[in-house]
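The following exercises are to be worked with the sequence and the coordinates at hand. Each task is followed by a solution in steps.

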Amino acid sequence: MKNKTKMIHQNIHNLTSLWTEAGRFKSSFVSSSRFNHVACDDLQWPNRLWFHDDLDQESLEQAKEHVFAESPNLIVPYWDIYGSDSEQLLAQNGFVKLFEQTGMSLKLHEPYEEQIDLKITRVSTREEAITWSKLFFAAFGYEIHPDLIMHTHVEINYYIAHYQTQAIGTAITYQTGEVTGIHAMGIAPAGRRKGLANQLMNQLLHLATEDKSQYVTLQASEMGKGLYLKLGFAEEFKIKNYRLTDDG
């Protein structure tokens, strides 16, 4: 139980650290005593507001008054880890749930083989950033802008996956301490149903071992969770993502 609690906090720390790093673009990251947020209204990502502790009415009212009044479209992740009914406060204050994810982790035990059919390259040029952004949009349906990628690509690893010389997928890795977080891993529709997501994940696990990480964390959609379970990832907590309604 102690190790599970530690991994939950490391998972959340890696994710919020990634948002913080991305928020340095246009100086859109802001920290306060009760919550942090990234608000870059002309972009679609990361645009998040997350609370430091379990949610309470005072913190939520403060966020609505000081942040959502100016940036109403921020997504609020609710970590389902407190054993309380505080999630009800979001609905009571005009927020609606958009989607759920599962926080998962894997302890790295062995070297993972490099894949033969699938290769990945790290983004370093604007042309590659544009390609990455287009592939990500095809896979996920929203945009991570090339300008943000170019501003953050030294600190954040953006990877393009290639299959038979064709660019077919994306991934992000971001390291915090002994943890590598895997984010934005997706295959564009033209490359699906070929086992490439599994190959891409194995390639990313190989890189994580090369970087001397002890654990890998991620936040899985319901569709992707089965793949990660087969690879040995453990389910640890739920992330419920909310947005303020127009009449909130």
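**Exercise 1.** Which handedness does the β-α-β unit made by S9, helix H6 and S10 have?

*Solution.* The model is a predicted one. Begin with the segments: S9 covers residues 179-187, H6 covers residues 196-210, and S10 covers residues 215-220. Next, examine the pairing of the two strands: S9 and S10 run parallel and are joined by 3 bridges. Within this pairing, threonine 180 stands opposite valine 216 of S10. Finally, assign the crossover: S9, H6 and S10 make a right-handed β-α-β unit.

**Exercise 2.** Determine how strand S8 is connected to S9, and state whether S9 is covered.

*Solution.* Strand S8 (residues 166-176) runs antiparallel to S9, with 7 bridges between them. One of the bridge pairs is threonine 176 with valine 179. The two strands form a hairpin with 2 residues between them; in its turn, glycine 177 has a positive phi of about 60 degrees. As for coverage, 9 of the 9 residues of S9 are buried.

**Exercise 3.** Identify the element that gives the most to the lining of the largest pocket, and describe that lining.

*Solution.* The largest pocket holds about 1400 Å³ of space. Of its 49 lining residues, Phe140, Ala184, Met185, Gln219 and Ser221 are the closest to the centre. Counting by element, S9 gives the most, with 6 residues. Sorting by class yields 28 nonpolar, 14 polar and 7 charged residues.

Methods
Residues numbered from 1 in each chain as written. Predicted model: local features only at pLDDT ≥ 70, side-chain atom pairs only at ≥ 80, totals over all residues. Heavy atoms only, no water. Buried < 20%, exposed > 50% of the residue type's maximum accessible area, 1.4 Å probe, protein only. Helix = DSSP H or I, 4+ residues; strand = E, 2+ residues; numbered from the N terminus. Pairing = 2+ DSSP bridges. Right-handed = clockwise from strand over helix to strand, strands pointing away. 1 Å grid on protein atoms, 1.4 Å probe; cavity = no way out; pocket = protein on both sides within 12 Å on 5 of 7 lines; lining within 4 Å. Points joined across faces, edges and corners; volume = space filled by probe spheres on them. Nonpolar A, V, L, I, M, F, W, Y, C, P; charged D, E, K, R; others polar.
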